[in-house]
Every structure is written in structure tokens, then in C-alpha cells.
Amino acid sequence: MSAYGTEPGAPTNDGNPGETSELPQPEDLGFGRYLGAHLVLAEHDGARWSAPGLLPRQALCVPVASAGVQYGLSVFEGLKAYRGADGGVHLFRPQAHAHRFAASAARLGLPAVDEALFVESCAMAVDAHRKLLPPYGRGSLYLRPTIHADEEFLGLRRAQRHRYSVVVSACSDPAMKRLRLWAEPHLIRAAVGGLGAAKTGANYAAGLAGLMHAQAKAYDDVVWLDAATHTRLGEAGSMNLFVRIGSRLLTPPLDGCILAGITRDSLLQMARRARLDAVECEISLDDLAIAQQRGELGGAFGCGTAARIVAIDEIGDSTRCIRFSAQDACVSRLCAALKDVQEGGTSDWPQWRYGLFG
Ligand code: PLP
Ligand code: COI
């Protein structure tokens, strides 16, 4: 099982984004399978970005001899557009995604896309694919802004030509799944000073072998531990982690080795406003085992834009198995509250919904 309900090898759709008849019911869209037929594209000539324009998605060629392909000089984002309860369409926290995008680009020496261009291009991508947007409450349009180095040159240097694109994909509302996670004992994905906090392909490439280890042991996903001691929780393959111990809701700190998740930040702010004791602190496997022995271990979950919230039943390694409570009402309450905030089912947190059109 994957976190998003996508089956390996499922076909992508290359059809006309206006043709909703080609799409299955929103509940059967899954994640990342049904791509919009157009993308938004802007080009950086070494000095500035061009104005963004629409292009058929398959018309964009990425040269194999570019540093984007050869050296992984690319960064990306993942955010969602929703149809709200009032029929309007909005993006969830696009400014926060724009800031993280700029930080990722700076880490890799790529030209930054500023907030205005980011939001304008995302709005343009949603507008071109209005008919792909599932109805209120039943899914979203996932946006994948990407910057890649594009010029053909095999030497290693900062590229002079880059492209910025936004691809979209119609997605189901993620169902709350329950996962078993493997605490990877040997491989590392990120270390202090490395790329862990940047949303760039290298992190996912570095993580794939860990996912394969986990799946070979019949786990669903991997938990990355700190590189120095292999004892402290970092994040899962594509989600930040939260665990409840006693009355406290804990999440690993932003130490430069994990992604500063927008969902994580939203949940921390929502939990604190709801007067939950939500704390960013180091969490070791031993802490979890001790809490389990004392009967203080509550629920645990992963969170991210694609998955929203996924309950964690268990974290295991070759020596132990830590089982979390399956009956933690706090986890399901947070998940329902987050869905409402993201989709506009509540008037709370209005500053997080960037209205596009009615
Ligand atoms: N960590 C990783 C490695 C991710 O890929 C993601 C997904 O984007 C997250 C955490 C969660 O981040 P966000 O909530 O901003 O989607
Ligand atoms: C997201 O949640 O936006 C992601 O980027 C997940 C993706 C790596 C599958």
C-alpha cells in the first residue's frame, strides 16, 4: 500500500483537461495519475524570468544533457487548489509554498521564483484546468511547480538557462490510512548541512532504497533516523511525523535534515490554538519504547500535502516494534479540522485560503 492510494504502473491521462468525462469519479482519482493536458511555463535567460504562458504539457522537452537531468539541479513544490463550500476556488497557503520554493532554489543555486510569479502561475494553471477540479469535499487539484536547469552542457557549473513549470493533477480526497513504518537502521537520507530541508529530487532518490527495504519487510514506508546516531526520528519518505505521549503532541524539530512541511506548520498552529500542548522536540525510538512500557503512548501520524494525515500503527526495526494507539481521538479530530480548514468548510484561518475565482 502506498500513502496516496496510487497503484504502481497506473496509467496517466494525456487527454484534454476540459474533458471531465475522461476522469473517473473523484474517489477513484488517486494521487498523481491524472495530469492536466497543459502546463504553465516561464524561462530564465540568466537575468530574469519571462512572463508565464500556457503550453501543452507534452510539448515541453527536457534535454537529457542538461544539468537538470544529469546533476539533479531542480527543485519542486506540491500544493493544492480546492473548491470551497461556497463554490469558489482557492489555493491552500501558496505564499508559504512560494517561500519554501525560494529557499530550496537558493540551496541548489537555482534562480528563485518570487511570490508574485509563483501565485500568478499557480492561478493560471488552475484556471486552465477548472474542469478537473473535484467538487467540494471530494478531492483537489494538486499543483507541482518545478524549476530545472535546462541548458545542454555536461560540465558542472551553475546553469545559465532555467525553466519554471507548473503541472497539475486531479486527486482524490486522501482517505485516512493506517501505516506500518520501518525505522531504517543503516541508510541515511540527510545530514546536517546537506539537502534534507530542500524539496529537491536528490532527497527522494536518496530515500528510495529505504522505501524498498521497508516494503521488502512488508512495511508501508520508511522512517528516516538522524544520520549521527540512528536513534532519533526525522520524517517518513514524504511526510512529517507527529506522536502523542501523555498529553503532549510531539514533532521532530526543523534541524535542517527534514522538510519544513506546510501541513506540519498548519497543524502545530491549529493544535496550539486549540490549547493542545504541541511541542517541537527530539524524539528517540527509546523515548517511544519507554512511553509504550508506561502506557503513555497515544496515537501517531504522518502529514503532508498529498496525504493530509495518515495514522501510524507501528514503527518497527530489527529489534523492536513500537505500537501506537489506534483509538486516539486527537488524530481523527485534527484530520477532520485540517480538511475543513484546507477546503474552506470553516471560516477559521481565512488567511490560509487564497481565493482565485468563483
Ligand atoms: N517531508 C517530505 C520529504 C515531503 O516530501 C513532504 C511533502 O511535501 C512533507 C514532508 C510534507 O510537506 P508539506 O506538508 O509541505 O506537503
Ligand atoms: C507532497 O505531499 O506534496 C509531496 O510532495 C509528496 C510526493 C513526494 C509524493
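Which residues come nearest to ligand 2? I will take that one up at once, and then go on to ligand 1 and the two domains. Please keep in mind that this is a predicted model.

Ligand 2 has ten residues around it, and those that come nearest are Y142, R144, K199, T305 and A306. Two side chains in that group have a polar atom 2.7 Å from an oxygen atom of the ligand: that holds for Y142, and it holds for K199. With T305 the backbone is involved, a polar atom there being 3.5 Å from an oxygen atom of ligand 2.

Now ligand 1. There are 16 residues around ligand 1, and R100, Y204, E235, T263 and T305 come nearest. T305 is thus on the list for ligand 1 and on the list for ligand 2. For the distances, take the side chains in turn. An N or O atom of the Y204 side chain is 2.5 Å from an oxygen atom of ligand 1. For the side chain of T263 the figure is 2.5 Å, again to an oxygen atom of the ligand. For the side chain of R100 it is 2.7 Å.

On to the domains. Domain 1 runs over 26–172 and domain 2 over 178–343. Y142 and R100 therefore need no further placing; you can read them off the numbering. Between their centres, taken over C-alpha atoms, there are 26 Å. In contact across the boundary are 25 residues of domain 1 and 23 residues of domain 2.

How much area is buried between domain 1 and domain 2? The value is about 1,900 Å², with 54% of it from carbon and sulfur atoms. On the domain 1 side, the residues that lose the most area to domain 2 are F76, F92 and R100, and together they make up 31% of what that side buries. R100 is also one of the residues that come nearest to ligand 1.

As for polar pairing, 14 residue pairs are in polar contact between the domains. The rule finds one salt bridge across this interface. The side chains of R93 and D265 form a salt bridge, at 2.8 Å from N to O.

Last, the elements on the domain 1 side. Those giving two or more residues to the side that touches domain 2 are β4 (74–76), β5 (79–83), β6 (89–92) and α2 (94–108). The largest share, six residues, comes from α2. Sorted by class, that side of domain 1 has eleven nonpolar, eight polar and six charged residues.

Notes:
Residues numbered from 1 in each chain as written. Chains lettered and ligands numbered in written order. Predicted model: local features only at pLDDT ≥ 70, side-chain atom pairs only at ≥ 80, totals over all residues. Heavy atoms only, no water. Domains from an automatic or database assignment. Contact = heavy atoms within 4.5 Å. Buried area = accessible area lost by both parts, 1.4 Å probe. Salt bridge = Lys/Arg side-chain N within 4 Å of Asp/Glu carboxyl O. Polar contact = N/O pair within 3.5 Å; in protein donor to acceptor, adjacent residues only side chain to side chain. Helix = DSSP H or I, 4+ residues; strand = E, 2+ residues; numbered from the N terminus. Nonpolar A, V, L, I, M, F, W, Y, C, P; charged D, E, K, R; others polar. Near = heavy atom within 4 Å.
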